[in-house]
Amino acid sequence: MKKNYDVLIIGTGAAGLYGALQFPENISVLLISKRELSLSNSSLAQGGVAAVLDTISDDYQLHIRDTMTAGKNKNDPAAVEVLVREGPGDVMKIKELGVDFDLDENGDMQKTLEAGHSRHRIVHHKDSTGKAITDALINTVKQRKNIDIYENTLLYKLEKDSGGFAAGFLFENGDSCTSYARYVIMASGGIGRVYKYTTNSAIATGDGITFAHMLGARIKHLSWIQFHPTAFAAEADRERFLISEAVRGEGAYLLNCEGKRFAHLYDERGELAPRDVVSDAIMRESIRTNSENFYLDITYKDPEFLKERFPMIYHKCLEENIDITKDHIPVFPCQHYLMGGIDVDLNARTTVDRLYAAGECSHTGVHGANRLASNSLLEALVFSRRAAQDIIERMKTDDNSSPCPEPVKDDLSGNKLPHGYRTEIRELMQDCHFVIKKPEKVPANLIRAKEILNDLEQGGYEINRDFIEARSLATVAVIVLEEVMKENDTE
Ligand SMILES: Cc1cc2nc3c(=O)[nH]c(=O)nc-3n(C[C@H](O)[C@H](O)[C@H](O)COP(=O)(O)OP(=O)(O)OC[C@H]3O[C@@H](n4cnc5c(N)ncnc54)[C@H](O)[C@@H]3O)c2cc1C
């Protein structure tokens, strides 16, 4: 790793990779990922990317309206406009970079429907769109001479002076180093691991949000958390495999423990209502039936169509002894996505000079209080490109002549982390801030989350991945529960 870079990007999901690719050869970029390059929420994305690619059968205004409706009109209209109007250009760009979108018989990109969309506008690669996108972007990034890419490299420190950032990295073999960058783009993903059950990958512990918070960046609407209604209900796993909305888009019925459809009793859009509405319907039906047994049934469709359209879901379910062409799929809601995050403007600038944020760790305002399906990959692409463009532009006038500080060797040794803090934080969050909120439990849970955070900050613990992630989970829990307390106080 070099001593100095122009730009440091934390994260190799869609936001980090696509952002890195915007920089010309004369701008040096360091791109890091705390685990393998392929382990990210981006690579798990199934359904696809929403974009208005043809204005005959679709319309920007319709996509804007659908996004605002799903978001309960709490979206930032200017950000939604940028997302919807600029997004199609970015989708075409990643297609050029090698993303193998499924095509129809005319050779055009196949478009499917998902809950909350009034038109077929989701482009996809079977049911593993995220992997198709990240594979293509990783291949392209690796060919760029100006981009250094490191995996299994954890950001453990981020300090700022007027000319840039000193960042500390911890490698898999236990070695560490520091490096200096003039600009940072946080593309570090979401916070799913702050819940007991989540569809998110193991990296989603809110590290980037925590570092930005420690630098004084404004964090907004962190309590706006989305729960997906149909994660595969396997009790043993923390990371729950997602049964994509596209399965309901293709006509799957949602059944209760009595084998009866019920979604239409809670909302006239039935199974195709936005995901917060369907999650809420399941939880209420769960109380009514006193059962957590819910199922998706798509057995009435042609088996060959299902295997071709949902190969990943088909095989994953088979591993659990469920044949989706014949069996009902057990599902239950769990944490899925974060609408809030590090607050940014339309150029992805945070409130800290030279610090940018893009993708799931950021709050652009596009999603409002609830994200419309398949809008998040689009957001990651559009706003990481904008962050890069803004940096390229300001580098023409910013004074970057101050000498970069020399790298230092930090002493990372310390006390052993007590067992159980992460599990406890997850239980606190699951207990009071799940689909149906329990405001009466928030004050006590907040006090406990603060005690844990305080101990993590003061305990002199060894700096390693367990510690960084535990501190991030505790920080996220405290910010979320403080926000909820404030909202409850003002109601
Ligand atoms: C199962 C599933 C299905 C989904 N399906 C869809 C879909 O069909 N369509 C859609 O639009 N959206 C979908 N989403 C949401 C979407 O995938 C994510 O919101 C989006 O991909 C996030 O991209 P990102 O680049 O912001 O973060 P991520 O892809 O999560 O990447 C985060 C990166 O940050 C790195 N990182 C984090 N902390 C550190 C640290 N301390 N040091 C170093 N590196 C760090 C990680 O290693 C990782 O490389 C889905 C999400 C899930 C979980």
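Two strands are taken to pair if DSSP finds at least two bridges between them. The model described here is predicted, and that criterion is met by strand β1 (residues 4-10) and strand β9 (residues 176-186), which pair in the parallel sense over six bridges. Two residues of β1 show the register: Y5 has A181 of β9 as its bridge partner, and V7 has Y183.

On β1 there is also a pairing with strand β2 (residues 29-32), again parallel, made by four bridges. Here I9 has L31 of β2 as its bridge partner. Strand β1 is mostly covered, with six of its seven residues buried.

Strand β9 has further partners. Strand β8 (164-171) is joined to β9 by six bridges, and these two strands run antiparallel. Within this pairing F169 stands opposite C177 of β9. β8 and β9 form a hairpin with four residues between the strands, where G174 takes a positive phi near 95°. β9 also pairs with strand β16 (residues 355-357), in the parallel sense and over three bridges; M186 has A357 of β16 as its bridge partner. How far is β9 covered by its surroundings? Of its 11 residues, 11 are buried, so the strand is largely enclosed by the rest of the structure. The cut-off behind that statement is a relative accessible area under 20%.

The same strands return in the internal spaces. The structure holds two cavities of 30 Å³ or more. The largest cavity has a volume of about 40 Å³, and its lining consists of Y5, L8, L30, F165, A167, F169, S179, Y180 and A181. The elements that give two or more residues to this lining are β1, β8 and β9. Y5 and A181, bridge partners between β1 and β9, are both among the lining residues, as is F169, the residue opposite C177. By class, the lining of the largest cavity has eight nonpolar residues, one polar and no charged.

The second largest cavity holds about 30 Å³ of space. Its lining is made of A70, A115, E245, P274, R275, N370, R371, L372 and A373. These residues divide into five nonpolar, one polar and three charged.

Next come the pockets, which are open. The second largest pocket contains about 610 Å³ of space. Among its 24 lining residues, those closest to the centre are K72, S223, W224, V435 and K437. Which elements supply at least two residues each to this lining? They are β11 (225-232), α9 (275-289) and α15 (465-490). The lining residues of the second largest pocket comprise 10 nonpolar, six polar and eight charged.

Helix α15, which contributes to that lining, also contains S472. Is S472 buried or exposed? With 1% relative accessibility, S472 counts as buried, because the limit for that class is under 20%. The side chain of S472 makes a polar contact of 2.9 Å with the side chain of D207. Leaving aside neighbours within four places in sequence, S472 is in contact with T205, G206, D207 and T210.

A separate sheet, open and of three strands, has the order β3-β5-β4 with antiparallel pairing. Its edge strands are β3 (49-50) and β4 (111-112), each of which pairs on one side only. β4 is joined to strand β5 (residues 122-123) by two bridges, and the two run antiparallel. In this pairing V123 of β5 is the bridge partner of K111.

The last residue to consider is D302, which is placed in the loop between β13 (294-297) and α10 (303-309). D302 has 45% relative accessibility and therefore counts as partly exposed; that class lies between the limits of 20% and 50%. A polar atom of the D302 side chain lies 3.2 Å from the backbone nitrogen of E304. D302 and S40 are 262 residues apart along the chain, and their C-alpha atoms are separated by 32 Å.

Definitions and conventions: Residues are numbered from 1 along each chain as its sequence is written. This is a predicted model: local features need pLDDT of at least 70, side-chain atom pairs count only at pLDDT 80 or more; totals for chains, interfaces and linings use all residues. Side-chain values use heavy atoms; hydrogens and water are left out. Buried means under 20% relative accessible area, exposed over 50%, partly exposed in between (1.4 Å probe, protein chains only). A polar contact is a pair of N or O atoms within 3.5 Å; within protein, one must be able to donate a hydrogen and the other to accept it, and residues adjacent in sequence count only if both atoms are side-chain atoms. On a 1 Å grid over the protein atoms alone, a cavity is a set of points where a 1.4 Å probe fits but cannot get out, and a pocket is an open set with protein on both sides within 12 Å along at least five of seven lines; lining residues have an atom within 4 Å of a point. Grid points are joined across faces, edges and corners, and a volume is the space filled by probe spheres set on the points. Ala, Val, Leu, Ile, Met, Phe, Trp, Tyr, Cys and Pro count as nonpolar, Asp, Glu, Lys and Arg as charged, and the others, Gly among them, as polar. Contact means heavy atoms within 4.5 Å.
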